[in-house]
Amino acid sequence: MPGIFRVSGPRFPLCASLIGAGGLVVIPHTPQIPPELKSRIIIRQPLQVLSFSESSAGSAASDIEIPAETCMGLPGRTYVLPRDSSECLPRFEVGQRRHARIAACYVQNATARAHDRDTVQWQQTPSELRSLGSCAPGRANARATSDNDSDSVVDEEIPPHSPNPTMRIPDLFTQYPIVRDALVTPTSQAQDETVEACLPFLRGESDKVTTYNEHGVASLNRETHLPFLRQWLGRLPGRLMGFDAGRPWFFYWCLAALTLLGEDVTQYRADLVETVRFLQNPEGGFGGGFGHLSHLATTYAAVLALALVGGEEAYDVIDRKAMWRWLGRLKQPDGGFQVCLGGEEDIRGAYCAAVIITLLRLPLELTPESPAYKEDGSVNLLTGVADYVRSCQTYEGGISGQPNAEAHGAYAFCALGCLAILDHPARSIAKYLDVPRLISWLSSRQYAPEGGFSGRTNKLVDGCYSHWVGGCFPLIEACLNGSDKLPAADEPSLFSREGLIRYILTCGQDHSRMGGMRDKPGKFPDAYHTCYVLNGLSAAQHQWELDPPATTTTTTAAEEGGNDMAADTAALAEAAAEAVWAVLPYLGEEGPQIFDHKDRVRPIHPVYTIPTRCVKAMRDYYGTVEGF
Amino acid sequence: MPPKKKGGGKGKASQASKPPTATTEEKATSKDNATADKPPTKEKAKANDSAIGPALPPSSTTATTDPPPATSTTLPETQTILERTRARFTAARPYEAHLIFGPQQQQQSGPLPGKEPGLGGLGDLQPQERSAWLATRIAARIARRPALSATATTVGSATAELARVACGGGAKTIKEVWRIVNEGSVPLRAAGEKQFLGSATGPVSRRIVRWEGLSSQAKGPSAGAGAGKQVPSSSRESQTIAAAEARWERRVRLTCLSAESRCFRAQRDRERRGVCDDRTGERVVVTEQEVVEEKRRRLEIAALRREMSGQGAGSAARGVGKIASDPEWDDVVPVVLEEPEGALASIAYPADYAEAMSYLRAVMKANEHSERCLWLTEYIIKMNASHYTVWLYRAAIIFALKKSIADEIEWLNKIALANLKNYQIWHHRHLLVENHFPSISSDPSAIATFAASERQFLERILAEDTKNYHVWSYRSYLVNKLGLFSDPDELASIERMIDDDVRNNSAWSHRFFLVFSHPDRATPGVAATEPDPKVPPEIVDREVAYAQSKIRLAPQNQSPWNYLRGVLVKGGRKLSEVEGFTEEFVKGLGKGEEEEDVKSTHALDLLAEIYAEQGRKEEADLSLQRLGQKWDRIRFGYWEWRRRCLGMGAAAA
Ligand SMILES: [Zn+2]
C-alpha cells in the first residue's frame with residue numbers, strides 16, 4: 001500500500017544522516033527491510049552520507065544513488081535504501097565516544113508489512129504524505145541517545161511538526177536550518193541538543209509556558225521576576241559563598257533588572273550606601289567582599305548600582321580621589337588596565353575603567369605612581385585605550401579579551417563601549433576597528449531557529465549574549481549612521497529583533513514560579529542572566545539615535561596648552577559623554593510587533609547600561625563638585 | 001568572560017545559578033525543575049551548605065517558641081532533680097562543683113542578684129582549692145604523658161610541683177594562670193544556659209521538656225507515637241536527671257579544658273617572649289606533642305560549646321573554628337566581618353569560611369608572608385576558588401618565601417582540574433611563569449622541558465573542556481612567553497584537537513595566532529584583519545590548503561571559512577584565489593528552486609565578496625539576496641546591509 005512510513009527504533013545500525021526540516025533524521029539501514037521492498041526515501045534536505053568504510057561503501061554502491069564524489073544527497077530526490085547488508089556502515093565514531101541515534105526516516109511507496117515490532121516500526125502517517133508533497137516542515141522525532149542500546153526503547157510515533165494554526169510563527173523559528181552538515185562532532189551534538197531543547201518553546205508547544213500570544217510568543221513573567229530579583233538582593237544562602245568575591249555584581253544586576261522592569265529602586269538607596277561603604281577600600285575602589293582587594297569589575301558594578309539608586313547620599317559615598325589614584329595605578333603602559341593591583345589586564349578592565357572615569361568625572365591626569373606615567377604629561381588615563389582595543393580585534397572580526405585570544409561576544413561589547421566613551425562611535429569605532437568584519441562576526445552570532453546569540457563561533461546560544469552581542473548593535477548603528485564611508489544601518493535592522501525577542505521570551509525566561517531569566521532551557525535562572533537578558537530585550541525593543549559627530553571638536557582643546565594629545569583625549573571623551581542618545585520604541589518594518597505592549601521594558605543607555613537619566617544625574621552632580 | 005558569572009563567571013562560575021530558596025514552596029519548584037533539567041554539577045559539591053539557609057532559625061529560638069510547659073507542676077520536681085544532682089556531683093567532685101555552683105550558701109539561697117551563680121564559682125574558690133583543683137586536672141593530663149610524668153620526682157609530689165611541670169613555672173606561674181582564667185572570664189557556660197544552671201525557673205523546665213521530646217524522638221518507633229508527651233512521670237524524671245547529669249559532665253569537662261588551654265597559651269606566650277624555665281633555667285619550649293594536644297583540646301572545647309548551646313554540628317558560630325582551635329594562630333586577632341544592618345545580597349557564610357576570611361584579613365593587613373598564610377590561602381581557595389584576592393596574596397607569599405614554582409604548579413594542576421570554569425587559576429599560573437621564566441630563559445633545554453610539561457597539562461585540561469576561554473588565553477600567553485611559535489609539537493597538538501572536533505573554533509584561533517603572530521612573520525602593530533607583507537607566501541599556501549581540506553569535511557562549519565578568509569587577507573591575497581574552491585559549494589545560484597543548491601552559506605557569503613572584488617556586482621548582489629531570502633534568513637538585515645555596501649562601492653570586506 002503506497003504511503004509514507006516512518007521507520008524508527010534505536011537498534012538500527014546507522015546508515016546515513018539525513019538532515020530533515022525540523023529534526024535530525026537518520027536513515028536506518030536494516031536487514032529487516034525486505035530486499036524486494038525497493039523502498040525509496042524522500043530527502044527534502046541535503047543529505048550527506050558519513051563514514052562509509054571503503055569496503056561497505058563498495059558493496060552498497062549499487063543500491064545507493066548518492067553522488068559519490070560529494071556524498072551529498074539532494075532535497076526532493078529519491079534514494080533507494082540499500083538492501084540487506086547490515087555491515088554497510090559503522091556507527092559514527094567521534095573521538096572516544098560512540099554515537100547512536102534513534103533512527104527515523106521517511107519511506108515512500110513501501111509496502112507495509114508486519115515486522116518485528118521490537119526492531120522496526122512502520123507507521124503510516126497521512127499528514128506526512130501531505131507535508132512531503134508541499135514544502136511544509138516535517139519533523140522527525142530524533143534525539144541523541146546514549147550508547148546503551150536498550151532494545152526495548154522504540155521511538156514513539158510523533159507526527160511531523162505542523163505549526164499550531166492559531167499562532168503565527170515563521171518557519172524560520174520552528175525548524176532546523178536548511179543548510180546543515182552531517183558530520184557529527186561534539187560541537188554539532190551540543191548544538192543539536194540545544195535546538196531540541198529550544199524548539200518546543202519556540203513552536204508554542206511547551207507546556208511550561210502558561211500563555212502564548214497569537215505570535216507564539218510568551219509574555220514577560222514580571223510577577224515572578226520581581227520577587228526573584230528582590231530575593232537575590234536579600235540574604236543569600238551559604239552555598240553562594242563563591243560570589244563572595246563579587247557581591248557588588250548582585251547590586252547592579254538586580255537593581256538594573258528591577259529598573260528595566262519599571263520598578264523604583266530608590267528604596268534601596270540607604271541599604272546600598274551602607275553596604276558599599278564597607279566594601280570600599282581606603283586605597284580606592286570597591287572590593288568583591290569585605291577585605292577583598294578593589295577590583296575594576298566590582299567597582300564598576302558598585303558605581304552603576306549607586307547611579308541606579310541615585311541621590312547625593314549615594315554619590316557622596318564614593319571616595320573619588322582615592323578612586324582616581326587607584327585607577328592611575330592600574331593603568332598600564334600599553335593603554336590597558338589591570339583589573340586589580342597585580343591582576344590580569346583585559347579589555348573588560350578597560351571598559352570598566354572608562355565607565356568609572358567618565359561617570360565620576362575624574363581628572364585624567366596620572367600621578368607618578370602610575371606604571372604608565374610620563375613626565376611630559378603626554379599620557380593620561382584614557383591614552384592608548386583605543387589602541388589596546390584595536391589590538392584585541394581578531395582575524396574573525398570579533399574582539400578577544402586580550403590580544404591573541406579568540407573573539408568573544410562579551411569582549412565585543414566592552415570594546416565598543418570603550419570606543420564610544422573615548423569619542424563619537426562614528427569616529428572611534430570606524431578608526432580603530434575593521435567595521436565590516438566586526439559586523440559580519442556580530443551578525444554571525446545569531447542563530448536560527450533559536451533566534452538568540454552565541455558568544456563565539458560554533459558555540460551555543462546563551463541568553464546573556466542578548467546583551468553582550470545584542471547591545472553592540474546600537475553602538476554599531478551609531479557608528480554607521482554617523483559615517484559616510486559605510487551604508488547607514490536603517491531598515492531592516494542589522495540583526496533579527498524578532499528572533500532575539502522570541503528567544504528571550506520563550507527560551508530565556510524561567511516559566512515556573514521561581515522566576516528569573518536564564519541562559520537557555522534546562523539551565524537555572526540567576527541574577528546575572530536576568531539582568532543581561534532583560535538588557536538584551538531592551539536593546540531589541542528600542543532604537544537609539546546619536547547625533548552625528550561635530551566636525552571640529554578635536555582642535556579646540558589643544559590650544560589650552562599642555563600636551564595636545566592628552567588634551568584632545570579629554571575633550572573628545574567629554575564630548576562623547578555629553579552626546580545625546582535619543583531613544584524610540586522600535587517600530588520597524590520587520591513585521592507586526594510580536595510581543596505584548598506591557599512586555600516592553602525600559603530603555604537603558606547603550607554605553608553605560610543604566611537609564612540615561614541616571615547617567616546624567618550622576619555626571620551632573622560631580623560636575624558641580626569642586627575638585628574631589 | 002567579562003563581568004563574570006562563571007566566576008563567576010559563567011564565572012561563570014561559574015555558575016552557582018540557583019537562587020536562594022527561602023520557602024518550602026520555592027524549594028519544591030526548584031526541585032521540579034531539577035528533575036526536568038540537569039542541575040549544575042557545581043551545586044552538588046556545595047550541597048552540604050544548603051542546610052544553612054537564612055530562613056532557618058537557630059534551634060535555641062525554637063525553644064522559646066515551644067508551647068510553654070506546665071511550669072507550676074514541673075517546678076518542684078525539677079528542683080528535686082537539681083538538688084539531687086548537685087548533691088551527687090558535689091560529693092564526687094567537690095572542686096568542680098564549687099566552681100560550677102558557687103559556694104554552698106549561694107546554692108541554698110538561690111542566685112544573688114546581679115551575680116550569676118555559675119560564673120561566680122571560680123572567684124569564690126579558696127586559693128588552695130583552686131590550686132588543688134587545677135593540679136588534679138593537670139595531673140590527669142600529665143598522667144597521659146609518660147615522658148613528663150617520669151620527671152615528676154616522687155609519687156607524692158605536691159600538686160604544685162605537677163602544676164609547675166605542666167606550666168613551666170613556679171607558684172608565680174600558677175597565680176598567673178589563675179589571673180588569666182579570671183580576667184579572661186573563662187566562658188564557663190554558654191549564655192543561654194545560665195538560667196538553667198542557676199535556678200529552676202521557667203526556662204529550665206522548658207529546656208528539659210524539650211530534651212525529653214528529643215530523647216523520645218531519638219528512641220524511634222519503639223517509643224510509640226506521642227511518647228514524648230505521655231511518658232510516665234517516673235520515667236520522665238529519670239530522663240531529665242540523666243540529661244541534666246550529662247550536661248553537668250559536659251560543663252565540667254569544658255571548664256577543665258578551658259583552664260588547660262589557658263595554661264597552654266601562657267606557656268606559648270612564654271616561649272615567644274623567650275622566658276626561661278625557673279626550674280631548669282632553659283628556655284621554655286612548647287613541644288609538637290603539646291601543640292597536637294592543644295588542637296585536640298580546642299576541638300573538644302568547640303564541640304562541647306556547640307552541644308551546650310544546642311546548635312547543630314555544622315555550625316561553629318559559637319564554638320571555635322578550625323583556625324581558632326589551632327594554637328599556631330593564637331597571636332592573630334581575626335578581623336571579623338560585621339555587616340551593616342540591612343546589607344544587600346549578604347551571604348550567610350558557612351562558619352569555616354567566615355572564620356578563614358577573618359584570619360585572612362588580619363594577616364593580609366599585617367602583610368605576613370609565612371607558611372601558615374600559605375596554608376590559609378589553600379584552605380580558602382578550596383572553599384572559594386574565585387576569590388581573586390586570596391590568589392594574589394598566595395602568589396605574593398610563594399615569591400616571598402621563594403617556594404618551588406614546580407611544586408606550586410603541580411598543586412595548581414589539581415585545583416584547576418577540580419575547578420574547570422575558574423579563571424583566577426590561570427592568572428596565578430601566569431604569575432608563576434613570569435616569576436619562573438628568568439631562571440630558565442638562558443637554557444633552551446629547560447624551556448623545552450617546561451613547555452612540554454605545560455603542554456601536557458593543557459592538553460589534559462582541554463580534553464575536559466575543549467573551548468575553555470581562559471585556558472586558551474593562557475596557552476597563547478605561554479607560546480609567546482616561551483617562544484614556542486616554531487615548536488612542531490605545539491602545532492601538532494592543535495591539529496589533533498581540530499581533528500577531534502573540526503568545529504572547535506578555539507583551536508582554530510590558536511592556530512591562527514601560532515602561524516601569524518610568529519615574530520619572524522609578523523610586523524608589530526599590524527592588526528589581525530590587515531595584510532602583513534612579512535608573511536611568507538608558502539605559509540599562506542599551506543594554511544589555505546589546510547583550511548580547504550577541513551572545509552570539505554563539513555562545509556557549513558564557519559570556523560575554517562573564517563580561517564581561510566583570515567589567511568588570505570593576512571597574506572595580502574585576493575579572495576578570488578579561492579573562487580573555484582568556493583563555488584564547489586554553491587550550485588545553480590538563481591536558477592530556481594530545483595537547480596539552486598547551497599551546501600554552505602559561508603561559501604555563498606565569501607562568493608559574494610569574491611564577486612564584489614571582481615566587480616561582478618550583480619552576481620554579488622544575487623548571492624547576498626539569496627542568502628537573505630532563503631539560505632540564511634536569520635541574518636536577513638545583515639545581508640541587506642551588505643547589498644547596500646555594494647551600492648556604495650564599499651568592499652564590505
Ligand atoms: Zn550566559
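**Exercise 1. Classify A:Arg247 and its salt-bridge partner by exposure, and say what the pair joins.**

Solution.
Step 1. A:Arg247 has a relative accessible area of 0%, so this residue is buried. The structure is a predicted model, and the value is computed from that model.
Step 2. The partner of A:Arg247 is B:Glu339; their salt bridge has its closest N and O atoms 3.0 Å apart.
Step 3. A:Arg247 belongs to helix 5 (residues 247–260) of chain A, while B:Glu339 sits in the loop between helix 15 (288–309) and helix 16 (351–365) of chain B, so the pair joins two chains.
Step 4. B:Glu339 has 23% relative accessibility and counts as partly exposed. The general background is that side chains of opposite charge can pair when their charged atoms come close.

**Exercise 2. Describe two further salt bridges, A:Lys598 with A:Asp599 and B:Arg616 with B:Glu619, and state the exposure of each residue.**

Solution.
Step 1. Between A:Lys598 and A:Asp599 the N to O distance is 3.2 Å.
Step 2. A:Lys598 is exposed, at 52% relative accessibility, whereas A:Asp599 is buried, at 1%. The cut-offs needed here are under 20% for buried and over 50% for exposed.
Step 3. In the pair B:Arg616 and B:Glu619, the closest N and O atoms are 2.8 Å apart.
Step 4. B:Arg616 is partly exposed at 26%, and B:Glu619 is partly exposed at 34%.
Step 5. Salt bridges can also share partners: A:Arg361, A:Glu574, A:Glu578 and A:Arg619 form one network in this way. Over all chains, the whole structure has 58 salt bridges.

**Exercise 3. Describe the interface between chain A and chain B: how many residues touch, how much area is buried, and which helix of chain A gives the most?**

Solution.
Step 1. Count the residues: 118 of chain A are in contact with 116 of chain B.
Step 2. Take the area: about 10,100 Å² is buried between the two chains, and carbon and sulfur atoms give 58% of this.
Step 3. Look for the main contributors. A:Arg239, A:Tyr395 and A:Phe524 supply 10% of the area that chain A buries against chain B, more than any other three residues.
Step 4. Count the polar links: there are 4 salt bridges across the interface and 53 residue pairs in polar contact. A:Arg437 and B:Glu609 form a salt bridge, with the closest N and O atoms 3.6 Å apart.
Step 5. Assign the helices. Those of chain A that each supply at least two residues include helix 3 (186–202), helix 4 (222–233) and helix 14 (435–444). Helix 14 of chain A gives the most, with 6 residues.
Step 6. Sort the residues on the side of chain A that touches chain B: 54 are nonpolar, 38 polar and 26 charged.

**Exercise 4. Name the buried residues of helix 6 of chain A and state what covers them.**

Solution.
Step 1. The buried residues are A:Leu272, A:Val273, A:Thr275, A:Val276, A:Phe278 and A:Leu279.
Step 2. A general rule helps in reading this list: an α-helix has 3.6 residues a turn, so residues three or four places apart point the same way.
Step 3. The cover includes helix 5, helix 7 (296–309) and helix 8 (312–316) of chain A.
Step 4. For the setting, chain A has 21 helices and 14 strands, and 66% of its 628 residues are buried.

**Exercise 5. Describe the backbone at A:Pro449, A:Asn404 and A:Thr609.**

Solution.
Step 1. Recall the usual case: most residues other than glycine have a negative phi, and most peptide bonds are trans.
Step 2. A:Ala448 and A:Pro449 are joined by a cis peptide bond, with omega about 5°. A:Pro449 is in the loop between helix 14 and helix 15 of chain A.
Step 3. A:Asn404 has a positive phi, near 75°. This residue is in the loop between helix 11 (385–390) and helix 12 of chain A, and A:Asn404 is partly exposed at 32%.
Step 4. A:Thr609 also has a positive phi, near 55°. A:Thr609 lies in the loop between strand 14 (581–585) and helix 21 (612–624) of chain A and is buried, at 2%.

**Exercise 6. Where in chain B does the pLDDT stay under 50?**

Solution.
Step 1. Start with the average: chain B has a pLDDT of 73, and 61% of its residues score at least 70.
Step 2. The pLDDT stays under 50 over residues 180–232 of chain B. Residues 312–319 of chain B are also below 50.
Step 3. Where pLDDT is low, the predicted coordinates should not be read in detail.

Terms used:
Residues are numbered from 1 along each chain as its sequence is written. Chains are lettered from A and ligands numbered from 1 in the order in which they are written. This is a predicted model: local features need pLDDT of at least 70, side-chain atom pairs count only at pLDDT 80 or more; totals for chains, interfaces and linings use all residues. Side-chain values use heavy atoms; hydrogens and water are left out. pLDDT is the predictor's confidence in each residue, from 0 to 100. Contact means heavy atoms within 4.5 Å. A salt bridge is a side-chain nitrogen of Lys or Arg within 4 Å of a carboxyl oxygen of Asp or Glu. Helices (H or I, at least four residues) and strands (E, at least two) are DSSP runs, numbered from the N terminus. Buried means under 20% relative accessible area, exposed over 50%, partly exposed in between (1.4 Å probe, protein chains only). Buried area is the accessible area (1.4 Å probe) that two parts lose on being put together, summed over both. A polar contact is a pair of N or O atoms within 3.5 Å; within protein, one must be able to donate a hydrogen and the other to accept it, and residues adjacent in sequence count only if both atoms are side-chain atoms. Ala, Val, Leu, Ile, Met, Phe, Trp, Tyr, Cys and Pro count as nonpolar, Asp, Glu, Lys and Arg as charged, and the others, Gly among them, as polar.
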